[in-house]
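Here are some exercises to work through with the model open beside you. Try each one before reading its solution.

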Amino acid sequence: MYLCCKLMLFVHAFILLNCHIQGQETKDTQEDVKIEVVYVPSECEQKSRRGDLVNAHYDGFLAHNMSKFFCSRSEKDGHPKWFVVGVGQVIKGLDIALLDMCRGEKRKVVIPPSLAYGEKGYDNIPPNSTLIFEIELLGISRGPRSIEAFLQIDLDNDKQLSKDEISHYLSEEFRKDGKKRDPSVHGLILKDIFEKNDHDGNGFISTREYNVYKHDEL
Ligand SMILES: *[C@@H]1O[C@H](CO)[C@@H](O)[C@H](O)[C@H]1NC(C)=O
Ligand SMILES: *[C@@H]1O[C@H](CO)[C@@H](O)[C@H](O)[C@H]1NC(C)=O
Ligand SMILES: [Ca+2]
Ligand SMILES: [Ca+2]
């Protein structure tokens with residue numbers, strides 16, 4: 001799981017990023033996320049905190065008719081999502097709902113529109129929709145974007161990550177975790193990494209571009 005964590009720190013789900021953009025436009029209100037804990041494992045050595053890289057499955061439903069609009073179990077071959085929690089990679093309500101969870105914990109959460117897609121809605125989510133998510137937290141990893149990880153990838157030590165360096169890193173991580181993958185996955189992930197992180201488009205990821213979130217609690 002850890003090897004996979006390090007690898008996936010780059011890979012943000014498209015949908016989540018879209019959520020983020022839409023979610024940011026909503027205004028703050030008094031409304032809260034309602035959290036129902038469905039299952040907590042007896043062993044819980046570590047709870048999720050802001051800034052952690054987490055791995056989770058979550059299915060999303062529209063509260064008004066319980067139709068399912070998102071299902072991480074059926075999208076992208078059913079791989080659970082990796083993202084950094086508490087930093088706006090997902091809608092605000094999910095950022096709140098995913099804190100203080102144990103590995104293996106399950107929650108059912110009700111998210112008001114103000115902490116989801118607001119008055120505008122998004123895609124197949126109508127305006128002013130209250131959302132319900134069934135969440136299962138599968139993994140927690142601390143400080144994914146550490147400088148140690150950066151230096152490890154930066155083979156020529158020039159303080160920026162080239163396509164070759166990241167490609168090499170991906171190959172190593174794929175080899176270590178030993179899962180069978182379609183060869184095209186490698187190229188797709190690489191492309192995605194650069195689209196999401198190489199903000200000035202110079203073909204390299206700088207230390208600054210690499211640090212997408214503030215380490216204020218790490
Ligand atoms: C639930 O509501 C959404 C949006 O209002 C609609 O698109 C969808 O067809 C509805 N689903 C069912 C099963 O009624
Ligand atoms: C959404 O809610 C806001 C505030 O309650 C309201 O002004 C607006 O008309 C609503 N939009 C729709 C499409 O229902
Ligand atoms: Ca380099
Ligand atoms: Ca760059």
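**Exercise 1.** Find how many contacts beyond four places in sequence the model has for residues 212–218, and put this stretch in the context of the confidence of the whole chain.

Solution. Start at the tail: this is a predicted model, and over residues 212–218 the pLDDT stays under 50. The model has 11 contacts for that stretch beyond four places in sequence. Next, take the whole protein chain, where the average pLDDT is 79 and 78% of the residues score at least 70. Residues 1–29 are another stretch with pLDDT below 50, and the model gives them 54 contacts beyond near neighbours in sequence. Finally, go element by element: helix H2 (residues 14–24) has the lowest mean pLDDT, 34, while strand E5 (residues 106–111) has the highest, 98.

**Exercise 2.** Work out which strands pair with strand E2 (residues 53–62), and in which sense.

Solution. Some bookkeeping to begin with: the protein chain holds 7 helices and 8 strands. Now take the partners of E2 in turn.

- Strand E6 (residues 131–141) runs antiparallel to E2, with 10 bridges joining the two. Look for Val54 opposite Ile140 of E6.
- Strand E4 (residues 81–84) is also antiparallel to E2, through 4 bridges. Here Asn55 has Trp82 as its bridge partner.
- Strand E3 (residues 68–71) pairs with E2 over 3 bridges, again antiparallel. Asp59 sits opposite Cys71 in E3.

One more step for E3: E2 and E3 make a hairpin with 5 residues between them. In that turn, Met66 has a positive phi of about 60 degrees.

**Exercise 3.** Is E2 largely enclosed or largely open?

Solution. Count its buried residues, using the cut-off of 20 or more other C-beta atoms within 10 Å. That gives 7 of the 10 residues of E2, so the strand is largely enclosed by the rest of the structure. For background, 29% of the 218 residues in the protein chain count as buried.

**Exercise 4.** Trace the largest nonpolar core and say which elements supply it.

Solution. The core has 28 residues, and those touching the most other members are Val54, Ala97, Leu98, Ile111, Phe133 and Ile135. At least two core residues come from each of E2, E4, helix H3 (92–97), E5 and E6. Zoom in on Ile111: leaving out neighbours within four places in sequence, its contacts are Val33, Gly93, Ala97, Ala116, Thr130, Leu131 and Phe133. Then look elsewhere for a separate core of 7 residues, including Leu161, Leu170, Ile193 and Ile205.

**Exercise 5.** Is Asp198 buried, exposed or partly exposed, and what does it touch?

Solution. Locate Asp198 in the loop between helix H6 (184–197) and strand E8 (205–206). Asp198 has 17 C-beta neighbours inside 10 Å, so it counts as partly exposed. Skipping residues up to four places away in sequence, Asp198 touches Gly203, Phe204, Ile205 and Glu209. Now check Tyr210: it is 12 residues from Asp198 in sequence, and the C-alpha to C-alpha distance is 8.4 Å.

**Exercise 6.** List the residues that surround ligand 1 and sort them by character.

Solution. The shell consists of Leu62, Asn65, Ser67 and Pro126. Sorting them gives 2 nonpolar, 2 polar and no charged residues.

Terms used: Residues are numbered from 1 along each chain as its sequence is written. Chains are lettered from A and ligands numbered from 1 in the order in which they are written. This is a predicted model: local features need pLDDT of at least 70, side-chain atom pairs count only at pLDDT 80 or more; totals for chains, interfaces and linings use all residues. A residue is near a molecule or strand if its C-beta atom, placed from the backbone, lies within 6 Å of it. Ala, Val, Leu, Ile, Met, Phe, Trp, Tyr, Cys and Pro count as nonpolar, Asp, Glu, Lys and Arg as charged, and the others, Gly among them, as polar. pLDDT is the predictor's confidence in each residue, from 0 to 100. Two residues are in contact if their C-beta atoms, placed from the backbone, lie within 7 Å. A residue is buried if 20 or more other C-beta atoms lie within 10 Å of its own, exposed if 12 or fewer, and partly exposed in between; C-beta atoms are placed from the backbone. Two strands pair if DSSP finds at least two bridges between them. A nonpolar core is a set of buried Ala, Val, Leu, Ile, Met, Phe, Trp, Tyr and Cys residues joined through C-beta atoms within 7 Å.
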